[in-house]
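This report looks at two residues and at the contact between two chains. Have the structure open as you read.

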Amino acid sequence: MKSALLLRYAMRRLLGIVPTLFCIVSASFFIVRLAPGGPFDQEQALAPQIRANLDRLYGLDQPLSVQYVHYLGGLLHGDFGPSFKLRDFSVGELIAQGLPLSLTLGCAALALGVLLGIPLGIAAALRRNTPADYGITTLVVLGVALPSFVTGPLLALVFGLYLHWLPVAGWGEGAPRYLILPAITLALPVIASIARITRGSLLEVLRANYIRTARARGIGEMRVLWRHALRPTLMPVVSYLGPAAAYVVTGSLVVETVFGLPGTGRYLVQGAINRDYTLVMGMITVYGALTLGLNLIADIVYGWLDPTVRHE
Amino acid sequence: MSEARGLWRDAWYRLRSNRLVLVSIGLILCVALVAVGGPALSPYAPDTLDWQHLAVPPGLQASHWFGTDRLGRDLFVRTLHGVRISLLISLLASAVSLVIGVTWGAVAGYIGGRTDEWMMRFVDVLYSLPYLFIVIILTTLFDRGSLTVLLVAIGAVGWLTTARIVRGQALTLKRREFVDAARATGVGVPGILVRHIVPNLMGPVTVYATLTIPQMITFESFLSFLGLGVQEPLASLGSLINDGAQEMQSAPWMLVVPAVFLVTLLVCFNLVGDGLRDALDPRDR
């Protein structure tokens, strides 16, 4: 019964993504086009004939509404159009090239966040108001406050330049060593947030009546923690995973820029500077869909774990 | 009104006993003071090129206290000017996002119904856009390097969370008796919003505003780090950190000095925000 309801809820949410995505695509299409400047504006103006040919080739000579319909039609077939600046590639190819790296980085960061954040939070809550707790809380404040473009170079300075443990930057043909620092940089805020949420949530759960009852029945402290406290403690963590995934999606752009990794991050900035309309649009569409999808998955997992959520 | 004063006085007592918050406020004030007054102490301007002292490390040499960069520009003066710009932009952007967010959220929450649904749907759509994308696109497409565009771009993204928080508060506030009473005596919608709803949600809004400032500092610095924000010869903390990251091997102080200032500001603002939240909403403690 429950699973049937959940399935229906998932389907409804999935359908809800479509209009949102449509809004995102439309809004960004018109923002990008309304801005002054175009992809073929250069220091030295092109001959009018060449310019007209280029415009015709890419369909820029047609009215905006026609271009819009054409673009939407392409998207429905999974076609993001050709890149205006990187002439030999289609936007789909460019994104397909960079996305695996960005996704690896993002998944690694999320995994690190869960694997380190939860134990840290539990440790801090169990040793409340001890030096261990203060230490972890301080790390949490730092992790939440510091942006990746500060922690990234600083980590590279310490672990790369001074200690020579890891490569400073770059991409050694996909060797995992090169991904360690970027993944840690990206994971730090996630670890910190998860630790903070876990700590607060566990402290609250441990005050609950049923925990007191469990203790009163003489159940050992460890067993109380594992059997009774852990699951409700982790509920807020699960609901944080959606926003965390969205953060990691955009955060990986930052980290890729900092460490010079060939993911998709560089295309957004480059594309925006070059007025590469299709590249920017493609990036927004793909990352918008990713963010929406990840949020949806997080919500469904939450509904599946939490017996009190109803999906009418 | 006396209840409101009680809330704020209580909050002030709780805040005063939180030493971490006091230290943070002190540090922020110190940094701000130094940023305003400090550059006058140095014989150099932020764009003076000192050819005798290229990339010297921090020290007392020729009063380059924090060293110089590769062009011989004094890092002390440049960093403090960077702090000034970062603080100015982030404070203004926070104000912009606060005004939009409070107005949007209060109107949506108080009016409710279809209006509320559409206004919040709009917020949801903007929310699901990766915020960095919008900011990057706005700043690159419209007149790169203009401080106004920078302000609008980061302010335009920051108001979403404020709007959500304010709407939630307004939804509960509008069912309270004093709002009923105001409506019964014939106060119009704008009057109720301005006189009764908005003053009563200042608590959570203050907390969120304090937490918005470090976010705005981060946005601005990040854009400048990418080269999309403040343009040469002006410097912000972000562009200085970017310069420093390029020269990390030969001149690590160029990275460390602005990073220390940025880290101090961000951590202090976050601590003050957390402290304010504990002070205004002691339930969570």
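Which residues is B:Ile241 in contact with, leaving aside its neighbours within four places in sequence? From chain A, they are A:Phe149, A:Val150 and A:Pro153. From chain B, they are B:Ser221, B:Phe225, B:Leu255, B:Pro258, B:Ala259 and B:Leu262. Two residues are in contact if their C-beta atoms, placed from the backbone, lie within 7 Å.

This is a predicted model, in which local features need pLDDT of at least 70 and side-chain atom pairs count only at pLDDT 80 or more, while totals for chains, interfaces and linings use all residues. Residues are numbered from 1 along each chain as its sequence is written, and chains are lettered from A and ligands numbered from 1 in the order in which they are written.

**Contact between the chains**

Chain A puts 33 residues into the contact, and chain B puts in 30 residues. On the side of chain A that touches chain B, these helices (DSSP runs of H or I, at least four residues, numbered from the N terminus) give two or more residues each:

| Helix of chain A | Residues |
|---|---|
| α1 | 2–34 |
| α5 | 131–145 |
| α6 | 148–162 |
| α9 | 221–259 |
| α10 | 265–274 |
| α11 | 277–305 |

**B:Thr210**

B:Thr210 sits in helix α9 (residues 202–226) of chain B. B:Thr210 counts as partly exposed because 19 other C-beta atoms lie within 10 Å; 20 or more would make a residue buried, and 12 or fewer exposed, with C-beta atoms placed from the backbone. Beyond four places in sequence, B:Thr210 is in contact with B:Phe269, B:Val272, B:Gly273 and B:Leu276. B:Ala35 lies 175 residues from B:Thr210 in sequence and 20 Å away in space, C-alpha to C-alpha.
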